[in-house]
Amino acid sequence: MQGIDLSKYQRQVDWEKVKAAGKSFAIIRAGYGRYLSQQDPMFKAHINGAASVGLPVGAYWFSYALSAAEAEAEAEVCLKILASYREKITLPVFFDQEYVPAIIGLGNKTRTDCCLAFMKKIQAEGYRTGVYCSYDWLMNKLERERLTNWPLWVAQYGPKCSYRGENLVAWQYSGSGAVEGVSGAVDLDEGYSGLLPERETGWRKEGGYWYYDLNGVPQKERWIKDKGWWYWLGEDGRMATGWLLWKGKAYWLNIKAAEGVPEGACIITDKDGAVLEAK
């Protein structure tokens, strides 16, 4: 799924054009800090605009918290701002932790404590929630083993996301994208099956594996990409394994999950069968 994330820096948005350009979700900054006055001035317009064209919507909160108590205080303010839009928020509410000098000065444990304190407060009010951070931040500034049960939205600009954990639900791959309907640069994101509630999209195991789109419709006779891997869905919608002949070319689709390669994933090998690249 292709999406965008926005804040006050994107002031002119034609949401019909955004949807027509193939964007299928939006994550919007609700605000930052610990005060209601720090609500993002474009939050209301963006969330109403995205929802008006049927796009699933999430939110994020830019943090300045230096302790778990401060993170809880930020969560309380965030919840007050979200309250009027509860029915429109179907994606997670993300805790955005970045390179604020005072936060860099903390230890990994304290930074992770802040993430967990915010998320637990948000989750207690019935929202799904997760962490947004850069790949470097995730690898070096957090105790990521404490976050394995929480959705992650990882920023890493380039051709792929190096993080492949099962809790990866979105990847921000550009901070300077161009999208029809948005004036100026906008962040670009790739969303995965865990981003939306399971009832709406993603994989289901029903005597095989099936992939459902945003409207709950099983996909058929097409390639889909999930967490960096390509899969083929047959004419009945079932995920294929083994050899596939498609448009005159042969593809090998992994038969059994092993060594980090999921079942059904397309594998490209050299003449001796060694994996060169998996897409």
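Guide: Two strands pair if DSSP finds at least two bridges between them. Keep that in mind for this model, which is predicted.

Visitor: How many bridges join β9 and strand β10, and in what sense do they pair?

Guide: β9 and β10 (residues 209–212) share four bridges, and the pairing is antiparallel. One of the partnerships is easy to find: Trp203 has Tyr211 in β10 as its bridge partner.

Visitor: What lies between the strands of that hairpin?

Guide: Three residues separate β9 from β10 in the hairpin. Look at Gly207, which has a positive phi near 70°.

Visitor: Now the rings. How do I read an aromatic pair?

Guide: Two numbers describe a pair of aromatic rings: the distance of the centres and the angle of the planes. Here, a search of the whole structure gives 17 aromatic pairs. Take Trp203 and Tyr211: their ring centres are 5.1 Å apart and their planes meet at 80°, so this pair is edge-to-face. Trp243 and Trp252 also make an edge-to-face pair, with 5.2 Å from centre to centre and 65° between the planes.

Visitor: Is Trp203 buried or exposed?

Guide: Trp203 has 19% relative accessibility, so it counts as buried. The cut-off for buried is under 20%. Tyr211 has 8%, so it is buried too.

Visitor: And what about Trp243, buried or exposed?

Guide: Trp243 has a relative accessible area of 63%, so it is exposed. Its ring partner Trp252 is partly exposed, at 26%.

Visitor: Which residues do ring pairs link into a cluster?

Guide: Tyr60, Phe94, Tyr132 and Trp153 are the members of that cluster.

Visitor: Which ring does Arg86 lie over?

Guide: Arg86 lies over the face of Tyr127, 4.5 Å from the ring centre. Arg111 has a ring beneath its charged end as well: Trp137, with 5.5 Å to the centre.

Visitor: Next, pockets. How do I spot one?

Guide: Empty space shows up when a probe the size of a water molecule is rolled over the atoms. In this model, the largest pocket holds about 730 Å³ of space. It has 32 lining residues, and those closest to its centre are Glu166, Ser193, Trp203, Asp226 and Lys227. Three elements give two or more residues to the lining: β7 (168–177), β9 (202–205) and β12 (229–233).

Visitor: Which element gives the largest share of the lining?

Guide: That is β9, with four residues. You met Trp203 before, as the bridge partner of Tyr211.

Visitor: How many lining residues fall in each class?

Guide: The lining of the largest pocket has 14 nonpolar residues, nine polar and nine charged.

Visitor: Back to strands. How many residues of strand β8 are buried?

Guide: Six of its six residues are buried, so β8 (residues 186–191) has the cover that the cut-off of under 20% asks for.

Visitor: Which strands pair with β8?

Guide: Strand β1 (residues 2–6) pairs with β8 over four bridges, in the antiparallel sense. Within that pairing, Ile4 has Leu188 as its bridge partner. β7 also runs antiparallel to β8, with five bridges joining them. There, Trp171 has Glu190 as its bridge partner in β8.

Visitor: One last residue. Where is Val57?

Guide: Val57 belongs to strand β3 (residues 57–62). Its relative accessibility is 0%, so it counts as buried. Asp40 is 17 residues from Val57 along the chain, and 15 Å separates their C-alpha atoms.

Definitions and conventions:
Residues numbered from 1 in each chain as written. Predicted model: local features only at pLDDT ≥ 70, side-chain atom pairs only at ≥ 80, totals over all residues. Heavy atoms only, no water. Phe/Tyr/Trp six-rings, centres within 6.5 Å; stacked < 30°, edge-to-face > 60°. Buried < 20%, exposed > 50% of the residue type's maximum accessible area, 1.4 Å probe, protein only. Lys NZ or Arg CZ within 6 Å of the ring centre and 35° of its normal. 1 Å grid on protein atoms, 1.4 Å probe; cavity = no way out; pocket = protein on both sides within 12 Å on 5 of 7 lines; lining within 4 Å. Points joined across faces, edges and corners; volume = space filled by probe spheres on them. Nonpolar A, V, L, I, M, F, W, Y, C, P; charged D, E, K, R; others polar.
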